[in-house]
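Work through the exercises below with the sequence and the model open. Each task is followed by a solution in steps.

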Amino acid sequence: MKEWWLQVGLLCIPLVAVYLHIPPPQLSPALNKWLSAGEHFHFRGHNVFYRDSFGALGSSDVVILLHGFPTSSYDWIKIWEPLTQRFHRVIALDFLGFGFSDKPRPHKYSIFEQASLVEALVSHLGLGQQKVNLISHDYGDTVALELLYRSDQNRTGRLNFNSLCLSNGGLFPETHHPRLLQILLKDYSILSSILTRLTNHFLVVYLILFSPYPAGFLLFHPVHMIYGPLDPVNPHPEFIRLYQKLVPRSTFTILDEHISHYPQLEDPQGFLNAYFNFIHSF
């Protein structure tokens, strides 16, 4: 009951903001720095923000980071520099409708379009023949699965996968427990547009999407799951048990019991240790 009232209260915040015509807050110095370090490229008539950092000398390895919903590439800020010390290139983008990328309206957003966006960025950067390592989170997991499916089906524009690391995405409807605001975002078009426009970090923990795809085809590349077990949307131990059952050849890391839905932000060192152990295992 307490949680229900809390979510209703949070829902009222953007509605009041719309009514009062409250302008969006100024970018923080950290966000301004992130923006200035990035670039934009054109995708189907829209500007898409991305960052592309060159790092470790003597390495040709590339890692691409796919963020979650409803945030942006800034989700990776706490592990960005350590990744540049390990990889030759570290790349992240803001999906269409997110972060510093364009947010066209009206527009029918889809996972398939976001996957095509990632493929377009890879082509734009001249990495079509380069094997890439993907790290994804939440909504990004869904996009990553679509990209992996395209790769395994030998579809045009596919990524050349080296590895895939998932984290705290709603892979299985059976173990997915949506929050009230997630349901509102998914099912109510007018309210959804208002909430999406005004959502801030205070609401993030309640706004999680899930993937409708089964994970049984994740068998042709090294795949790993980094999991924060305190996740209220993909709860432990049901989620990880089903993951083991449906993706038996994948490895996984369960982080400390106090780590929830954003492991790369809540425990960046634990996340990095798990990821580097995975990368060094093949």
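**Exercise 1. A salt bridge between two environments**

Task: Classify E113 as buried or exposed, do the same for R44, and locate the salt bridge that the two side chains form.

Solution.
- Step 1. The model is a predicted one. E113 has a relative accessibility of 8%, so E113 counts as buried, the cut-off being under 20%.
- Step 2. R44 has a relative accessibility of 55%, so R44 counts as exposed, the cut-off being over 50%.
- Step 3. The side chains of this pair form a salt bridge with an N to O distance of 4.0 Å.
- Step 4. E113 belongs to helix 4 (residues 111–124), while R44 sits in the loop between strand 1 (39–43) and strand 2 (46–54). With their positions 69 residues apart, the pair links distant parts of the chain.

**Exercise 2. The other salt bridges**

Task: State how many salt bridges a search of the whole structure finds, then describe the R86 and D61 pair and the E146 and R150 pair.

Solution.
- Step 1. The search of the whole structure gives 5 salt bridges.
- Step 2. R86 and D61 meet through their side chains at 3.1 Å, N to O. R86 is in helix 3 and D61 is in the loop between strand 2 and strand 3, 25 residues apart, and the pair links distant parts of the chain.
- Step 3. R86 is partly exposed, with a relative accessible area of 22%. D61, at 27% relative accessibility, also counts as partly exposed.
- Step 4. E146 and R150 form a salt bridge at 2.7 Å, N to O. Both lie in helix 5 (residues 139–152), and because they are 4 residues apart there, about one helical turn separates them.
- Step 5. E146 and R150 are both buried. Salt bridges with shared partners join E119, E146 and R150 into one network.

**Exercise 3. A buried glutamine**

Task: Determine which backbone oxygen lies 3.0 Å from a polar atom of the Q114 side chain, and list the contacts of Q114 beyond four places in sequence.

Solution.
- Step 1. Q114 is a residue of helix 4. Its relative accessible area is 0%, so Q114 is buried.
- Step 2. The backbone oxygen in question is that of L96.
- Step 3. With neighbours within four places in sequence set aside, Q114 is in contact with F95, L96, F98, Y109, Y139 and V143.

**Exercise 4. A buried glycine in a loop**

Task: Where is G68 found, and which residues does G68 touch beyond four places in sequence?

Solution.
- Step 1. G68 is in the loop between strand 3 (62–66) and helix 3 (77–86).
- Step 2. Its relative accessibility is 0%, so G68 counts as buried.
- Step 3. Not counting residues up to four places away, G68 touches D75, F98, H137, D138, Y139 and G140.
- Step 4. The C-alpha atoms of G68 and S167 are separated by 9.7 Å, although the two residues are 99 apart along the chain.

**Exercise 5. The nonpolar cores**

Task: How many residues does the largest nonpolar core have, and what does L147 touch?

Solution.
- Step 1. The largest nonpolar core has 43 residues. L66, L93, F95, L134, V143, L147 and Y243 have the most contacts inside it.
- Step 2. Leaving out residues up to four places away in sequence, L147 touches L66, A115, V118, E119, L134, L159 and F161.
- Step 3. Another core, of 23 residues, lies apart from the largest one, and includes L65, L255, F276 and F278.
- Step 4. In soluble globular proteins, nonpolar side chains tend to be buried together.

Conventions: Residues numbered from 1 in each chain as written. Predicted model: local features only at pLDDT ≥ 70, side-chain atom pairs only at ≥ 80, totals over all residues. Heavy atoms only, no water. Core = buried A, V, L, I, M, F, W, Y, C linked by side-chain atoms within 4.5 Å. Buried < 20%, exposed > 50% of the residue type's maximum accessible area, 1.4 Å probe, protein only. Contact = heavy atoms within 4.5 Å. Helix = DSSP H or I, 4+ residues; strand = E, 2+ residues; numbered from the N terminus. Polar contact = N/O pair within 3.5 Å; in protein donor to acceptor, adjacent residues only side chain to side chain.
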